[in-house]
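Here are my notes for anyone opening this one for the first time. Keep the 3D view open and follow along point by point.

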Amino acid sequence: MKVRLWGTRGSLAAAGPETIRYGGNTACVEVRGSDDHLIVLDAGSGIRRLGATVGDDVRRIDILLSHLHMDHIQGLGFFAPLFRSASEIHIWGPPSGRRSLRDRLTRYLSPPLFPVPLRDLPSDLTLHEAPTDAPFAVGAIGVSAALVIHPGPTLGYRLSAGDRTLAYLPDHEPALGSRHFPEPHEWLSGFGLAVGADLLIHDAQYTDAEYAERVGWGHSSLAQAVAFASAAGVRRLLTFHHDPGHDDASLERSLASASAVSHMDLIGGAEGLALDLAR
Amino acid sequence: MPQRPIELILLRQLASYLATPMFIVDADGTLVYYNEAAEELVGRRFEETTEMAREEWLAAFAPHELDGALVADADNPLLAALEQRCEQHRTLVIRGLDGAERRIEATGLPLEGQAGLVGAVAIFWPAAE
């Protein structure tokens with residue numbers, strides 16, 4: 001399984017000379033299995049540059065949305081394959097129990113927020129509420145989805161191919177309300193998705209001091225991400241959803257500090273980074 | 001063991017902060033948590049009790065009517081919430097794990113999650129004599 005990061009920023013795109021190293025685009029990750037089928041995790045602003053690399057010959061693409069906050073869907077209307085009549089696009093997203101995924105996505109992909117209504121996109125578009133009660137297959141990759149702690153219905157995903165596993169929890173606050181974080185496994189949000197993963201891409205938006213001021217906003221501190229990854233026994237932790245106010249220098253300092261006190265194999269999520277989980 | 005449904009995780013965390021006694025069962029009826037406020041009525045700390053299967057807690061607490069008759073499952077607020085998926089309120093007597101009998105008011109509520117029923121919660125408090 002191959003993974004490439006196209007957007008690692010959280011909440012709001014943050015382009016500028018101070019974010020060149022880790023990038024300014026919001027959440028988007030490309031995943032490809034042995035069949036080279038394209039799976040896209042989230043459609044933040046990073047999906048625009050990914051779309052520019054997708055050839056006209058690519059027919060089916062699956063986009064797995066963790067949730068529908070703007071920083072995870074704002075790039076959809078700029079994803080070139082959506083505007084090709086030969087494209088078959090499947091968008092998977094969280095169930096709400098109240099409104100269909102199409103209704104909820106249409107709130108953004110319609111005037112006045114966006115000029116082209118969803119129904120007018122020329123591609124063959126299918127929307128799925130991702131099942132949370134059983135795994136499903138996307139190409140050669142098995143996918144499990146589960147709700148995790150974040151405001152509004154939000155999914156984390158576990159992608160498996162052969163003996164390799166990627167866990168993706170970009171927006172996650174497992175420490176919310178916890179008196180003894182990390183809690184025992186059965187009471188730890190996201191544990192079933194992350195347990196034993198070769199790579200965990202996880203929310204690490206805040207410093208500890210920032211988290212104390214933003215409890216309940218749906219995100220984790222870097223220290224909490226490391227604690228969660230340790231509890232889940234993952235092999236490598238990739239930090240993600242960087243706060244738009246954190247420049248490259250502050251991210252470097254935070255990662256160095258966390259690495260100094262943890263045995264976790266820690267990777268700073270940087271736009272453009274490519275990893276092959278087979279290695 | 002994978003983690004429990006997120007709705008149960010969040011409710012347990014909320015319950016741990018509330019001074020209102022709460023008793024939470026999963027979709028199978030297994031008692032998975034009661035909070036500190038409930039410990040006085042249950043007669044034992046949850047950490048000393050841990051989880052109890054439905055038959056275990058029914059036998060242990062022996063919920064009964066004021067006249068001593070056992071409460072039928074259909075009239076048990078927690079089981080009604082779980083099996084009939086409706087709220088129910090009742091005054092009843094339970095036997096604590098310390099052996100003491102206590103008269104309580106109990107309201108059961110089903111917990112409908114995004115993907116269906118994930119369990120039920122009973123909110124209860126001492127009944128006026």
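1. Let's begin with the aromatic rings. Across all chains, this predicted model holds ten aromatic pairs. A pair of rings is described by how far apart the centres are and by the angle of the planes, and those are the values quoted below.

2. Have a look at A:Tyr108 and A:Phe114, which form a tilted pair, with 5.9 Å from centre to centre and 50 degrees between the planes. The cut-off for buried is under 20% relative accessible area. A:Tyr108 comes out at 8%, so this residue counts as buried. A:Phe114 has a relative accessibility of 7% and is therefore buried as well.

3. Over in chain B, the rings of B:Tyr33 and B:Phe46 meet edge-to-face, their centres 5.4 Å apart and their planes at 65 degrees. What I like here is that distant parts of the chain are linked: B:Tyr33 belongs to strand β2 of chain B, B:Phe46 to helix α3 (residues 46-49) of chain B, and the two are 13 residues apart. Are these two rings buried or exposed? B:Tyr33 is buried, at a relative accessible area of 9%, and B:Phe46 is buried too, at 11%.

4. That pair is part of a wider group. B:Phe23, B:Tyr33, B:Tyr34, B:Phe46, B:Trp57, B:Phe61 and B:Phe124 make up one aromatic cluster. Try selecting these residues together in the viewer.

5. Rings also meet charges in this model. In chain A, the charged end of A:Arg21 is placed over the ring of A:Tyr22, at 4.8 Å from its centre. Another case joins the two chains: B:Arg4 lies over the face of A:Trp187, with 4.8 Å to the ring centre.

6. Now for the sheet in chain B. Which order do its strands follow? The sheet is open, has five strands in the order β2-β1-β5-β4-β3 (chain B), and pairs in the antiparallel sense. At the edges are β2 (31-34) and β3 (88-95) of chain B, each with pairing on one side only. From one strand to the next, the twist averages 30 degrees.

7. Zooming in on one pairing, strand β1 (residues 22-26) and strand β5 (residues 116-126) of chain B run antiparallel, joined over five bridges. To find your place, use B:Val25, whose bridge partner in β5(B) is B:Ala120.

8. Two helices to check against the sheet: helix α1 (residues 6-15) of chain B packs on it and touches β1, β2, β4 (101-113) and β5 of chain B, its direction making about 165 degrees with that of β1(B). Helix α4 (residues 54-61) of chain B also packs on the sheet, where it touches β1, β2 and β3 of chain B, at about 70 degrees to the direction of β3(B).

9. Stay with helix α1 of chain B for a moment, since B:Gln13 lies in it. B:Gln13 counts as buried, with 4% relative accessibility. Which residues does B:Gln13 touch, leaving out those up to four places away in sequence? They are A:Ile149, A:Leu176, A:Gly177, A:Ser178, A:Glu183 and A:Trp187.

10. Last, the interface. The contact involves 23 residues of chain A and 16 residues of chain B. Between them the chains bury about 1700 Å², with 57% of that on carbon and sulfur atoms. A:Arg179, A:Glu186 and A:Trp187 provide 43% of the area that chain A buries against chain B, more than any other three residues.

Technical notes:
Residues numbered from 1 in each chain as written. Chains lettered and ligands numbered in written order. Predicted model: local features only at pLDDT ≥ 70, side-chain atom pairs only at ≥ 80, totals over all residues. Heavy atoms only, no water. Pairing = 2+ DSSP bridges. Helix = DSSP H or I, 4+ residues; strand = E, 2+ residues; numbered from the N terminus. Axes fitted to C-alpha atoms, helices over the stretch in contact; angles between N-to-C directions. Contact = heavy atoms within 4.5 Å. Phe/Tyr/Trp six-rings, centres within 6.5 Å; stacked < 30°, edge-to-face > 60°. Buried < 20%, exposed > 50% of the residue type's maximum accessible area, 1.4 Å probe, protein only. Lys NZ or Arg CZ within 6 Å of the ring centre and 35° of its normal. Buried area = accessible area lost by both parts, 1.4 Å probe.
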